[in-house]
Amino acid sequence: MLPLSVRSAAEEMDLAEAGLNTGTLMLPASIGFSLLFAVYSTLVGVFVVRREELVLKRLRTGELRDPEILAGSALPAAVTGVAQSLLLAAGCAVLLDMAAPAAPHLAVLGLLLGVVMCAALAAVTASFTRTGESAQVTPMPLMFVSMICSGMVVPLELFPDRVASVCELLPLTPVVTLVRGGWTGDLSAAEALGAVATAVAWTVLSVFAVRRWFRWEPRR
């Protein structure tokens, strides 16, 4: 339903001015929604609930290392997010009569970077989330900012230049850029490298924050 809402919004925008059409707006938005809801938001709840129920603490008494515990907890949501993204991409391509991606490697790279980054960001958010109930609220700021300012609903090409320059640095923007560029084929090598660098930087910062602040004991 969320991608359909993007389609209704697209009818009010001059996408031709940005060199886009309904398909190249909806498809990256669909994948972005999957990453936000199926991976990021879901994993915040998973990490918090397993911490509060002492599951993570018990796992640490075994042979598994901390990264392996977190990766294992994130794997089901990551697989679900990838499966959803592939189904939505196929659905958008068929229903909107889109051509095959011009640079499929960029779309695949964007999706994989997005999954890893969203899982890491979920662990960071879980670090500052007290209960399973509050885990329904703490992901909201990043989700709303990403939906509005990462090119999912409104292409950055329609933003003022200064605003677009800031929005390019948001976590989900490089994912949307790579997926969209994979379909349109108009993403230059420099732009692709810049998007990859931004996504990697957010992932590295998130991993550092998790190592520094992630809590394995219930918050009191």
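**Exercise 1. Is Thr24 buried or exposed, and which residues does Thr24 touch outside its own stretch of sequence?**

*Solution.*
Step 1: Start with the area. Thr24 has a relative accessible area of 8%. The cut-off for buried is under 20%, so Thr24 counts as buried. Keep in mind that we're working with a predicted model.
Step 2: Place the residue. Thr24 sits in helix H2, which covers residues 22–52.
Step 3: Look for partners. Skip the neighbours within four places in sequence, and Thr24 is in contact with Met98, Arg180 and Thr184.

**Exercise 2. Work out what secondary structure the chain has, and how its contacts are spread along the sequence.**

*Solution.*
Step 1: Count the elements: there are nine helices and zero strands. Reading along the sequence, you get α-α-α-α-α-α-α-α-α.
Step 2: Turn to the contacts with a separation of 6 or more. Of these, 81% join residues 24 or more positions apart.

**Exercise 3. Check the radius of gyration of the chain against a compact globule.**

*Solution.*
Step 1: For 220 residues, a compact globule would come out near 17 Å.
Step 2: The chain has 18 Å, so the two agree.
Step 3: Add the box: along the principal axes, the C-alpha atoms fill roughly 55 × 35 × 30 Å.

**Exercise 4. Describe the surface and the charges of the chain.**

*Solution.*
Step 1: Buried residues make up 46% of the 220.
Step 2: The accessible surface is about 11,300 Å², and carbon and sulfur atoms own 65% of that.
Step 3: Now the charges. There are 15 positive and 17 negative ones, and their mean positions lie 18 Å apart.

Key:
Residues numbered from 1 in each chain as written. Predicted model: local features only at pLDDT ≥ 70, side-chain atom pairs only at ≥ 80, totals over all residues. Heavy atoms only, no water. Helix = DSSP H or I, 4+ residues; strand = E, 2+ residues; numbered from the N terminus. Rg over C-alpha atoms; globule rule 2.2 N^0.38 Å. Buried < 20%, exposed > 50% of the residue type's maximum accessible area, 1.4 Å probe, protein only. Contact = heavy atoms within 4.5 Å. Areas by Shrake-Rupley, 256 points an atom, 1.4 Å probe, with all protein chains shown as cover. Lys, Arg positive; Asp, Glu negative; His and termini not counted. Charge placed at Lys NZ, Arg CZ, Asp CG, Glu CD.
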